[in-house]
Amino acid sequence: MHGRLIEVAERTWVGTGAIERLPDRAHPADLARTAGMPAWRAREFLAGRSLLRSMLRELYPEAAELEVTASGNGKPHLLGEQDLGMSVSHDSGVVAVCVAPGREVGVDVQGPPEKLERALARRCLRAHTDQVMQLPSARRALEFAWVWTVQEACVKATGEGISGRPWAIDVPPGASTGSWGSYRWVSLRGASEVPLSCAFGPAGEEGS
């Protein structure tokens, strides 16, 4: 296993690693999907697939070599294995993967913006805007990124993406855990220097 593997809930794992430190060896099916991608995008894509397969070899060895395809909503899944929820994200040189059997999952990693505009902060932070904007600029941007990773992870878990209006999800600044409807979320504040959060639905949901 390359990187860190953390069980954030029962049978729900998040793996993280630095893109530059992940192995270059790629599954042939993954390599084929990089055709036409810019080199930087292919590197990120293969890093995500590498970490995913590394986690599968540790958690579900029989699934580690299956082909990874994209569902209609863009979420990755294993060909012939519908019960395993998966999500992949990468940003700021970090890749993150969430895996859970029988659950819808979403994961998001996001570096803080260089400059946080108040209009963007107000859109995503809503009632918490003043609390965050009063922080020193670096901490303000970092806290915004933590909130945004939760919002993104939640709509990734549902498969809605931006159409799910992530900015409308209420996330209290500084919180490490919370819920949104039937989904729970966890921010890995003590385990990742780059803001990283995951969200997951009730057990028994994936593939139903």
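**Two antiparallel sheets and their helical cover**

Arg165 is located in the loop that links α5 to β8, helices (H or I, at least four residues) and strands (E, at least two) being DSSP runs numbered from the N terminus. Although Arg165 is not a glycine, its phi is positive, at about 50°. Arg165 is partly exposed, with a relative accessible area of 46%; buried means under 20% relative accessible area, exposed over 50%, and partly exposed in between (1.4 Å probe, protein chains only). A second arginine, Arg126, is placed in the loop between α3 and α4. The phi of Arg126 is also positive, near 50°, and Arg126 counts as partly exposed at 46% relative accessibility. Most residues other than glycine have a negative phi.

The model is predicted, with local features requiring pLDDT of at least 70 and side-chain atom pairs counted only at pLDDT 80 or more, while totals for chains, interfaces and linings use all residues. Residues are numbered from 1 along each chain as its sequence is written, and side-chain values use heavy atoms, with hydrogens and water left out.

The chain contains five helices and ten strands. Its radius of gyration is 17 Å, in agreement with the value near 17 Å for a compact globule of 208 residues; the radius is taken over C-alpha atoms, and the globule rule is 2.2 Å times the number of residues to the power 0.38. The C-alpha trace spans about 50 × 35 × 30 Å along its principal axes. Of the 208 residues, 51% are buried. The accessible surface comes to about 9900 Å², and 49% of this surface belongs to carbon and sulfur atoms (Shrake-Rupley method with a 1.4 Å probe; for residues, only the protein chains shown count as cover). Contact is defined as heavy atoms within 4.5 Å. Among contacts between residues at least 6 apart in sequence, 55% join residues at least 24 apart.

One open sheet consists of four strands in the order β1-β2-β6-β5, with antiparallel pairing; two strands pair if DSSP finds at least two bridges between them. β1 (4-9) and β5 are the edge strands, each with a single partner, so one side of each has no neighbour in the sheet. Neighbouring strands of this sheet are turned by 20° against each other on average, direction ignored, where axes are lines fitted to C-alpha atoms, for helices over the stretch in contact, and angles run from 0 to 180 degrees between N-to-C directions. Five bridges connect β1 and β2, and Leu5 has Gly15 of β2 as its bridge partner. β2 (residues 12-18) is joined to β6 by six bridges, with Val14 opposite Cys98. β5 (residues 84-91) pairs with β6 over eight bridges, and His90 stands opposite Val95. β5 and β6 form a hairpin with two residues between them, and Ser92 in this turn has a positive phi of about 50°.

In β6 (residues 94-101), eight of eight residues are buried. Val94, Ala96, Cys98 and Ala100 lie on one face of β6, and Val95, Val97, Val99 and Pro101 on the other. Helix α2 (residues 39-59) lies across β1, β2, β5 and β6, and runs at about 40° to β6.

The other open sheet described here has four strands in the order β7-β10-β9-β8, again with antiparallel pairing. Its edge strands, β7 (105-109) and β8 (177-180), each pair on one side only. The average turn between neighbouring strands of this sheet is 20°, direction ignored. β7 is joined to β10 (residues 196-200) by five bridges, and Val105 has Phe200 as its bridge partner in β10. α5 packs on the sheet and touches β7, β8, β9 and β10, its direction making about 150° with that of β7.

The largest nonpolar core has 22 residues, of which Leu125, Phe144, Cys154, Val171, Trp185 and Ala199 touch the most other members. Such a core is a set of buried Ala, Val, Leu, Ile, Met, Phe, Trp, Tyr and Cys residues joined through side-chain atoms within 4.5 Å. At least two residues of this core come from each of α3 (118-125), α4 (129-133), α5 (137-158) and β9 (183-187). α5 gives the most, with eight residues. Leaving aside neighbours within four places in sequence, Val171 is in contact with His128, Val147, Val150, Gln151 and Trp185. A second, separate core comprises 18 residues, including Leu51, Met55, Leu56 and Leu78.
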